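Colleague: I am new to this structure and should like to learn how to read it. May we go through its features one at a time?

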Amino acid sequence: MTTRQEREMEAALRFIRPEVRRERAYHVGSAPDVTVKLNQNECPYDLPEDLKRELLEAFMRAPFNRYPTEQPDRLREALAARLGHDPDGVLIGNGSNELAYTLGLAMVGPGARVVLPRPMFALYGTMARIFGGEVIGVPPRPDLRFDADALTDAVGRTQPALTVLASPNNPTGLAMTPDEIARVVAAAPGFVLIDEAYVEFNEEPSAIRLLARHPNVLVMRTFSKAFGLAGLRVGYLLGRPEVIAELLKARLPFMVDRFAETVAMTLLQRPELVRARIDALKASCRRLTADLQALDGVEVIPSQTNFVLFRTGLEPRLVMAGLAERGVLVRDMSGYPELPGYLRVNAGMSNENQVFVAALKETLRAQAGV
Ligand SMILES: Cc1ncc(COP(=O)(O)O)c(C=O)c1O
């Protein structure tokens, strides 16, 4: 029996677009008493305290009552100089997720096709469906790598407005080779976005070099991972100036606040700090992988990022529960049909990794009844 209030609510909700109503809101999930948080591929290091203080003092002099510039031009210029790219070909966003939605606004209308390899960062599927696009999913190879042949075939056959390649990919941690990416780009009539959120950890070269030859290429990066600024929300997109000029028409102005811009600029001026952290995180991820590989019955996918995908013989929810009891939070990835039994853990500081590995061992032992 529905009450009058429920009927009235349903009558109102009918005016929300069906594409939106069908979706589920993004939800990371948490657990009480987490002391070791390894579930969002974050950088475990915050900025040094003296640097944070310096930034806060500088910010005392900034006017809170004034709008920032429509686009964060200082950061745009600084990134362009660093990457040898035209500043007009740089678009900065409130995190790279926000830029993905800007691409949806500009490129994905009702019925537009969007080719997405599987399994990939779920936000792209949501974005494409919300804008009314038709998602064409391309299954992976048996080793979970993106299938470059199948992708090349799919883009030729379906003529998508947009194809997205996360390389290295989340949640698998696997990267495409430059040749594989180039083949998909050459076959695609529409835009190809290469999401390089984890590029700093990858041994393969960046896809930026493709921008010179292909007007349909876009490369997206973030300050959330290697730069450790997930809480400030800064990402950027690189493309040809003509393409970025069109995207600027679709997006909201003032998406990046003064503080985020200033902190990102400061990190660009401290390459040695960022470099040291990347090196430490790569070493941490290698050790974490080796520690997991040393456990009986644990299968690990070696990664080109700051996280690893693994599975045990146990159901992921039991692993999650056992770890949570011991204060550790990782991410259950078994919702992806291609990833049954899999969990994802990001590299933390070495003591955090040790707590995680010990907690996993205890969980496996407890479940085996030993
Ligand atoms: C592949 C990929 N792209 C983008 C993002 C989001 O980055 P941002 O924090 O810049 O929105 C993530 C975050 O997990 C990611 O894994």
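Modeller: Certainly. Please keep in mind that this is a predicted model. The domain assignment gives domain 1 (4-47 + 272-368) and domain 2 (62-270).

Colleague: How many residues does the contact take from domain 1 and from domain 2?

Modeller: In general, the size of an interface is often given as the accessible area lost when the parts come together. Here one may count residues instead: the contact takes 29 residues from domain 1 and 27 residues from domain 2. On the side of domain 1 that touches domain 2, helix H2 (18-21), helix H11 (271-293) and strand S10 (307-311) each supply at least two residues. H11 gives the largest share of that side, 7 residues. By type, the residues of this side of domain 1 are 15 nonpolar, 5 polar and 9 charged. The centres of the two domains, taken over C-alpha atoms, are separated by 23 Å.

Colleague: Which residues have the most contacts inside the largest nonpolar core?

Modeller: In soluble globular proteins, nonpolar side chains tend to be buried together. The largest nonpolar core of this model has 96 residues, and Leu162, Leu165, Val184, Val192, Leu193, Leu218 and Val308 have the most contacts inside it. Domain 1 and domain 2 both give residues to this core, so it lies between them. As for Val308, the residues it touches include Gly173, Cys285, Leu288, Val300 and Val345.

Colleague: How should one read a sheet, and which strands stand at the edges of the sheet S9-S10-S13-S12?

Modeller: Strands of a sheet pair through backbone hydrogen bonds, either parallel or antiparallel. This open sheet has 4 strands in the order S9-S10-S13-S12, with antiparallel pairing. Strand S9 (299-301) and strand S12 (331-332) stand at the edges; each has a single partner strand, so one side of each is left without a neighbour in the sheet. S9 is joined to S10 by 3 bridges, and Val300 has Phe310 of S10 as its bridge partner.

Colleague: Finally, which residues of helix H7 are buried, and why do they lie on the same side?

Modeller: An α-helix has 3.6 residues a turn, so residues three or four places apart point the same way. In H7 (residues 148-158), the buried residues are Ala148, Leu151, Ala154 and Val155. They cover an arc of only 120° around the axis, which puts them on the same side of H7. The face turned away from that buried side carries the exposed residues Asp149 and Arg157. Among the elements that cover the buried residues of H7 are strand S3 (113-117), strand S4 (134-138), strand S5 (162-166) and helix H8 (178-187). Gln159, which follows H7, has a positive phi, near 50°.

How values were computed: Residues are numbered from 1 along each chain as its sequence is written. This is a predicted model: local features need pLDDT of at least 70, side-chain atom pairs count only at pLDDT 80 or more; totals for chains, interfaces and linings use all residues. A residue is buried if 20 or more other C-beta atoms lie within 10 Å of its own, exposed if 12 or fewer, and partly exposed in between; C-beta atoms are placed from the backbone. The arc is that of the directions from the helix axis to the C-beta atoms. Two residues are in contact if their C-beta atoms, placed from the backbone, lie within 7 Å. Domain bounds come from an automatic or database domain assignment. Ala, Val, Leu, Ile, Met, Phe, Trp, Tyr, Cys and Pro count as nonpolar, Asp, Glu, Lys and Arg as charged, and the others, Gly among them, as polar. Two strands pair if DSSP finds at least two bridges between them. A nonpolar core is a set of buried Ala, Val, Leu, Ile, Met, Phe, Trp, Tyr and Cys residues joined through C-beta atoms within 7 Å.
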